[in-house]
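Hi everyone, thanks for making time. I'd like to walk you through one model today, so let's bring it up on the screen.

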Amino acid sequence: RKSASRNSPVELSAERRPCGALALDCAEMKPAVVCVGESGTNGLATVRSLGRRAVPAHVFSLRGSHEIASASRYCRSHTAVDGPADLCTALLDFARRAAERPVLYIDNDPILKVLAPHAKVLAARFDLVDPVGDAERLTDKRFQGELARRCGIAVPRTWFPKSWPELLAIRSVKRLIAKPAAGRADFKALIAANTAELAAALRGRIASPEQVLVQEFVEGDDTQIYAGLCYRAKSREQCFVLSARKIRQTTPGAGIMAVGQTVEAPQVREMTRRLAKAANVRGVLSTEFKLDARDGRYYFIEWNPRPAYFQSIGWKAGFDLAWLAYCDHADPAQLAKIDRAFSGEHFWINLHADLMNLSKVPERALDPKRWQPYLRRKQWAVFALDDLAPWRKSLRRLAKWLMRDRSFGRVLGRLAARRA
């Protein structure tokens with residue numbers, strides 16, 4: 001790559017560009033811009049999806065980010081901006097120079113919210129895949145729960161405490177789970193037996209009650225968590241939905257997907273369609289539910305108005321969110337040719353995330369069932385034979401994590417000694 005100037009694109013070297021007829025086709029297609037977050041796993045899936053179809057994909061990120069999407073051979077250029085405040089200006093500069101109106105993708109909530117005040121000016125220059133102008137409403141957890149109830153979907157009892165006394169006044173015979181109500185925190189979720197234990201956990205994380213929502217925990221392991229990946233078209237009345245479930249999360253019971261599987265779950269798909277229509281979403285909606293085996297009901301957990309970071313789970317089933325969105329904006333007639341029946345029960349694996357899970361429960365390393373997804377038909381989150389650079393970059397991050405979390409190695413060593 002050429003060296004980058006301040007807030008300027010990093011052009012791909014000749015050997016990194018698609019060659020031959022593929023490069024010729026790129027010149028005939030609308031460009032895509034992908035704004036990626038810290039990890040870039042979600043953005044990488046978008047870049048690969050589009051790049052493999054000869055769509056010129058350009059990555060925008062924050063300078064110093066550890067994202068891996070820009071390392072892809074399918075990334076046409078990379079623009080690193082100094083901070084969130086510079087992102088909109090850089091995007092508009094790119095759009096002014098583009099020969100055609102670009103399609104804009106955003107892979108994370110923080111950037112979605114940063115760009116929300118600039119929605120109108122961005123909409124004048126880009127085809128927006130994600131609901132930038134409606135980000136505040138659609139990412140509001142209180143609104144999500146209320147709408148799900150209005151749609152007739154079960155929702156766990158929920159509280160939004162404003163103080164420590166309000167938190168401690170919550171009464172429930174069930175375990176409780178606390179999650180960030182808005183923005184990001186250094187935890188995905190905290191599970192506790194009661195309010196006193198939950199308060200202690202929050203203080204340990206230097207978090208306060210007004211930063212979280214508290215819900216009754218729906219009992220069941222990670223395999224009871226189901227997801228709906230939905231694209232509701234803007235150009236025509238079509239809605240595409242894929243159902244999947246989690247097998248493991250980074251933290252058992254409260255994390256992000258480490259290993260997942262596409263599954264046939266008609267009720268999950270139907271509830272996802274219902275929510276997308278009720279929320280008036282035209283674009284992407286990624287939903288999450290948990291099945292309570294005791295009463296057989298699916299409970300609404302949350303949604304994201306953007307692709308889930310495991311969006312590539314649908315590829316082997318013929319479901320591709322990024323491509324659906326591109327067709328909707330660049331060639332709506334293509335949507336009519338895409339089959340809305342998606343099938344297959346393959347696995348999806350994020351190796352780094354799964355090792356994080358194993359570090360929490362190392363004794364499960366000896367369970368042969370744990371490794372079955374690795375031996376079955378699968379989609380890797382990062383590894384791809386035709387695009388190895390992001391994987392190599394992610395391995396360097398993985399090595400740093402393993403060196404930093406030395407307890408992981410010590411625990412596995414003790415397990416090996418015990419088995420010997």
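Let's start at a hairpin: β14 and β15 are joined by four residues, and Gly296 in that turn has a positive phi of about 70°. Before going on, some housekeeping: this is a predicted model, in which local features need pLDDT of at least 70, side-chain atom pairs count only at pLDDT 80 or more, and totals for chains, interfaces and linings use all residues. Residues are numbered from 1 along each chain as its sequence is written, and side-chain values use heavy atoms, with hydrogens and water left out.

When I say helix or strand, I mean DSSP runs numbered from the N terminus: H or I of at least four residues for helices, E of at least two for strands. Two strands pair if DSSP finds at least two bridges between them. Back at the hairpin, β14 (residues 283-292) and β15 (residues 297-304) pair in the antiparallel sense over seven bridges. One of the bridge partners to look for is Trp303 in β15, which goes with Thr287. Strand β15 is mostly covered, with seven of its eight residues buried. Buried here is under 20% relative accessible area, exposed is over 50%, and partly exposed is in between, with a 1.4 Å probe and protein chains only.

Now let's zoom out. The protein has 15 helices and 17 strands, and 56% of its 420 residues count as buried. Contact, for me, means heavy atoms within 4.5 Å. Of the contacts with a separation of 6 or more, 71% are between residues 24 or more positions apart.

Which residues have the most contacts inside the largest nonpolar core? They are Leu50, Tyr105, Leu229, Phe310, Ile313 and Phe319, in a core of 46 residues. A nonpolar core, to be precise, is a set of buried Ala, Val, Leu, Ile, Met, Phe, Trp, Tyr and Cys residues joined through side-chain atoms within 4.5 Å. Elements giving two or more residues to this core include β2, α2, β3, β5 and α11, and α11 gives the most, with seven. There is also a second, separate core of 25 residues, and Leu138, Leu147, Ala148 and Cys151 are among them.

Ile313 is worth a click. Leaving out residues up to four places away in sequence, Ile313 touches, among others, Leu229, Leu242, Met257, His346 and Trp348.

Next, two helices that both feed the largest core, α2 (41-51) and α11 (321-330). Their axes come within 8 Å and cross at roughly 60°. Axes are lines fitted to C-alpha atoms, for helices over the stretch in contact, and angles run from 0 to 180 degrees between N-to-C directions. The two helices are therefore oblique to each other; for the cut-offs, angles under 35 degrees count as roughly parallel, over 145 as roughly antiparallel, 65 to 115 as roughly perpendicular and the rest as oblique. At the crossing, Thr46, Ser49 and Leu50 in α2 meet Ala322, Trp323 and Tyr326 in α11.

Moving along, β2 and β3 run parallel and are joined by four bridges, with Val34 partnered by Val59 in β3. Five of the six residues in β3 are buried. Helix α3 (residues 87-97) has buried residues too, namely Leu87, Cys88, Ala90, Leu91, Leu92, Phe94 and Ala95. These pack against β2, β3, β4, β5, α4 and α5.

Over to another sheet: four strands in the order β7-β10-β8-β9 make an open, antiparallel sheet. β7 and β9 stand at the edges with a single partner strand each, so one side of each has no neighbour in the sheet. Two bridges join β7 to β10, and Trp159 stands opposite Val214 in β10. Helix α9 (residues 195-204) lies across β8, β9 and β10, at about 150° to β9.

Last stop: is Gly145 buried or exposed? Gly145, in helix α7 (residues 141-150), is buried, with a relative accessible area of 9%. Setting aside neighbours within four places in sequence, Gly145 is in contact with Val155 and Phe300. Its C-alpha is 9.6 Å from that of Arg157, twelve residues away in sequence.

That's my tour, and I'm happy to take questions.
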